[in-house]
Amino acid sequence: MAARTLYDKLFEAHTVRQTEDGSALLYIDLQLLHEVTSPQAFEGLRIAGRKPWRLDANLATPDHNVPTTERSGGVDEIVDPVSRIQVKTLDENCDDYGILEFKMNDHRQGIVHVVGPEQGATLPGTTVVCGDSHTATHGAFGALAHGIGTSEVEHVLATQCLITRKMKNMLIKVEGELGLGVTAKDLVLHIIGVLGTAGGTGHAIEFGGSTMSQISMEGRMTICNMAIEAGARVGMVAVDQITLDYVEGRPFAPKGDMWQQAVDAWSDLHSDDGAHFDTVVEINAADVLPQVTWGTSPEMVVAVNQLVPNPNNESDPVKKDGINRALSYMGLSADQAITDIALDRIFIGSCTNSRIEDMREAAKVAKGRKVAANVKEAIVVPGSGLVKAQAEAEGLDKIFEEAGFQWREPGCSMCLAMNPDKLAPKEHCASTSNRNFEGRQGNGGRTHLVSPAMAAAAAVSGTFVDVRQLMEA
Amino acid sequence: MNKFIQHTGIVAPLDRANVDTDMIIPKQFLKSIKRSGFGVYLFDEIRYLDEGVADQDCTNRPLNKDFVLNQARYQQSSVLLARTNFGCGSSREHAPWALEDYGFRTVIAPSFADIFYNNCFKNGILPVVLNEEIVDQLFTECAAQEGYELCVDLEQQQVVTPSGERFDFEVEEFRKHCLLNGLDDIDLTLQNVDDISAFEAKHKQQSPWLFGAIKG
Ligand code: SF4
């Protein structure tokens with residue numbers, strides 16, 4: 001057989017049938033559901049009198065709208081009526097159809113992209129979809145995972161299949177070692193800076209090379225999560241021992257003899273030598289420094305020791321105009337040092353960076369320090385109830401609280417500001433999330449994307465600072 | 001999905017170009033959990049004088065009397081006559097949901113935005129492209145005659161006026177087939193139920209751990 005990429009293998013292994021017009025019917029192993037993009041899909045099922053094809057291929061949890069402050073009063077006490085209805089509707093739909101849901105106050109509730117892997121629902125070699133563009137996260141397990149629209153959510157519920165077309169293959173090969181204080185988040189921001197926000201359009205990206213094979217599963221998830229920010233709906237990493245060690249023993253992962261059988265089946269989940277990639281991009285890990293976005297698109301990113309770009313250095317008029325608009329929205333001036341940007345709020349959380357390793361990295365920097373006086377609010381929002389419990393068992397919550405951070409309940413929170421956690425106009429936020437679009441974290445808000453360690457460093461310094469200075473101290 | 005074979009109905013003329021999906025259904029209504037019930041918010045900004053909010057009861061809202069759908073003669077209309085580039089802007093599927101919920105079965109215009117055009121077929125609405133001159137003529141006839149009706153015949157691919165004049169229109173064979181038979185994507189996929197089941201059986205044999213682990 002001809003050499004195939006990981007993506008080729010996953011696609012072929014799930015193709016139910018190929019049609020004349022080039023589209024394929026792809027079998028879906030797991031659909032994750034949340035409250036925002038599922039209600040119309042369930043309603044569609046109901047109107048058509050259909051039932052979900054397979055209950056055991058679905059897992060639901062509310063995340064976008066849930067409050068992250070004290071919420072023992074339950075769903076009825078969600079203040080925003082529209083948010084409350086969305087969460088309640090998910091509960092009702094899952095109860096009606098018998099779909100497993102981790103409800104708001106279940107200790108396993110959390111952001112869908114944190115919960116799926118944590119529970120072992122996301123497994124190597126599977127196809128995973130969710131009505132959310134950051135579904136690429138699950139590709140870290142050698143799975144084919146991507147976001148879909150509401151009509152497609154309904155289509156998958158009803159048929160267990162998705163009508164899709166094959167994408168092109170792209171390999172991003174990262175070689176060498178990441179330096180001290182440089183994390184998976186910095187690497188992926190750097191990659192987006194190189195590729196541009198449309199660089200991966202139409203492609204399924206595989207992240208490979210010696211660096212990737214050393215990065216933890218949580219770091220791989222952070223990287224795949226942001227593939228969409230480079231325009232690619234799919235990001236993937238080959239399966240290796242690190243993957244297996246992470247998956248083994250999780251609640252929905254295979255056990256006993258079946259585990260061994262699964263491990264054998266997964267041994268082929270990597271690109272073959274000589275497999276053809278339409279595009280290959282090489283990255284040298286040693287070039288990557290802690291990153292900070294300065295603009296309103298994730299590609300507008302520089303290293304912390306650099307300056308905000310000067311539009312006069314840009315010859316392309318369209319790009320120049322883009323820089324000017326971003327500078328004015330962000331309230332920054334050309335050639336300003338990144339370390340001169342003062343912060344009003346700090347957000348550590350989101351499906352990109354809310355797992356236990358993220359909490360540990362941030363806590364290490366926060367430990368024994370205080371949130372700076374100019375920072376109005378610094379919040380830490382764990383990605384799931386289980387991450388929260390683990391962090392508390394390690395005493396991380398105390399470290400954060402002593403430093404002046406708020407320790408919150410799990411959810412999407414300030415990543416997209418559908419719940420009450422929002423920026424006020426003109427406020428600068430050091431955020432570990434994934435999108436710095438205009439208004440994303442609140443109308444007029446100014447988002448700077450960074451790693452958890454860099455966010456904690458910014459919190460205690462009041463401005464951006466090279467986290468390595470705090471680490472060496 | 002509703003079948004569309006032939007439809008005759010009162011025509012509402014919406015005489016402006018580039019009607020975007022924000023105008024068809026403004027963003028505050030997207031937080032809704034439903035696919036239905038958008039009809040009362042269709043064209044909300046130009047239809048009512050106050051600002052619409054999600055989930056609100058529209059019975060007593062002040063109406064913009066100048067807006068076509070608020071005029072007595074266009075009540076019960078089910079054919080929307082529009083101008084060029086209808087449905088441009090965001091990809092929200094809420095736009096055809098709102099038109100359908102209001103009662104429109106077909107929209108006639110000189111041109112449509114791509115995504116909207118696609119979304120219509122997914123929701124049982126037939127978008128009909130007729131050239132600018134014909135559309136102009138229909139606008140004139142509609143203005144002149146109260147209760148003006150058009151018959152849109154998908155089988156024949158013709159729009160028929162009250163005086164019996166016929167205008168041909170184009171539609172892709174596959175889409176025509178789906179609408180004539182009321183097939184949506186899901187129905188079409190379900191025509192391959194045997195293939196899916198066969199694949200699933202094989203898949204279960206090869207990867208038994210993917211079945212039965214997640215239970216409600
Ligand atoms: S954390 Fe943010 S990006 Fe992730 S699923 Fe929630 S809203 Fe979307």
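In chain B of this predicted model, residues 24 or more positions apart account for 64% of the contacts that have a separation of 6 or more. For chain A, 76% of the contacts between residues at least 6 apart in sequence join residues at least 24 apart. The points below take up the two chains in turn and then a few residues within them, two of which have contacts in both chains.

**Chain A as a whole**

- The secondary structure of chain A consists of 15 helices and 18 strands, and its C-alpha atoms fill a box of roughly 55 × 55 × 45 Å along the principal axes.
- The radius of gyration of chain A is 22 Å, which agrees with the value near 23 Å that would be found for a compact globule of 473 residues.
- Of these 473 residues, 65% count as buried, while the chain exposes about 16,400 Å², with carbon and sulfur atoms supplying 50% of that area.
- Chain A carries 41 positive and 62 negative side chains, and the centres of these two sets lie 3 Å apart.

**Chain B as a whole**

- Chain B contains eight helices and seven strands, and its C-alpha trace spans about 70 × 40 × 25 Å along the principal axes.
- Of the 216 residues of chain B, 53% count as buried, and the accessible surface of the chain comes to about 10,100 Å², of which 46% belongs to carbon and sulfur atoms.
- There are 20 positive and 33 negative charges in chain B, and the mean positions of the two groups are 7 Å apart.

**Helix H1 and strand S1 of chain A**

- Helix H1 of chain A, which covers residues 6-13, is largely enclosed by the rest of the structure, because six of its eight residues are buried.
- The buried residues in H1(A) are A:Leu6, A:Tyr7, A:Asp8, A:Lys9, A:Leu10 and A:Phe11.
- A:Arg17 belongs to strand S1 of chain A, residues 15-18, and counts as partly exposed, since its relative accessible area is 28% and the partly exposed range runs between 20% and 50%.
- Apart from neighbours within four places in sequence, A:Arg17 is in contact with A:Ser23, A:Ala24 and A:Leu25 in its own chain and with B:Asn192 and B:Asp195 in chain B.
- With B:Asn192 the contact includes a polar one, in which the side chains of A:Arg17 and B:Asn192 come to 3.4 Å.
- The C-alpha atom of A:Arg17 is separated by 56 Å from that of A:Val460, a residue that lies 443 residues away along the chain.

**A:Thr211, in a loop of chain A**

- A:Thr211 is placed in the loop between strand S9 (203-208) and helix H7 (217-225) of chain A, and it counts as buried because its relative accessibility is 3%, against a cut-off of under 20%.
- Beyond its neighbours within four places in sequence, A:Thr211 is in contact with A:Val174, A:Glu175, A:Gly176, A:Leu178 and A:Ala285.
- Towards A:Gly176, the side chain of A:Thr211 reaches the backbone oxygen at 2.7 Å.

**B:His94, in helix H3 of chain B**

- B:His94 lies in helix H3 of chain B, which comprises residues 94-102, and at 12% relative accessibility it counts as buried.
- When residues up to four places away in sequence are left out, B:His94 touches B:Ile25, B:Leu30 and B:Phe38 within chain B, and A:Gln40 in chain A.
- The C-alpha atoms of B:His94 and B:Ser36 are separated by 8.9 Å, although the two residues are 58 residues apart along the chain.

How values were computed
Residues numbered from 1 in each chain as written. Chains lettered and ligands numbered in written order. Predicted model: local features only at pLDDT ≥ 70, side-chain atom pairs only at ≥ 80, totals over all residues. Heavy atoms only, no water. Helix = DSSP H or I, 4+ residues; strand = E, 2+ residues; numbered from the N terminus. Rg over C-alpha atoms; globule rule 2.2 N^0.38 Å. Buried < 20%, exposed > 50% of the residue type's maximum accessible area, 1.4 Å probe, protein only. Contact = heavy atoms within 4.5 Å. Areas by Shrake-Rupley, 256 points an atom, 1.4 Å probe, with all protein chains shown as cover. Lys, Arg positive; Asp, Glu negative; His and termini not counted. Charge placed at Lys NZ, Arg CZ, Asp CG, Glu CD. Polar contact = N/O pair within 3.5 Å; in protein donor to acceptor, adjacent residues only side chain to side chain.
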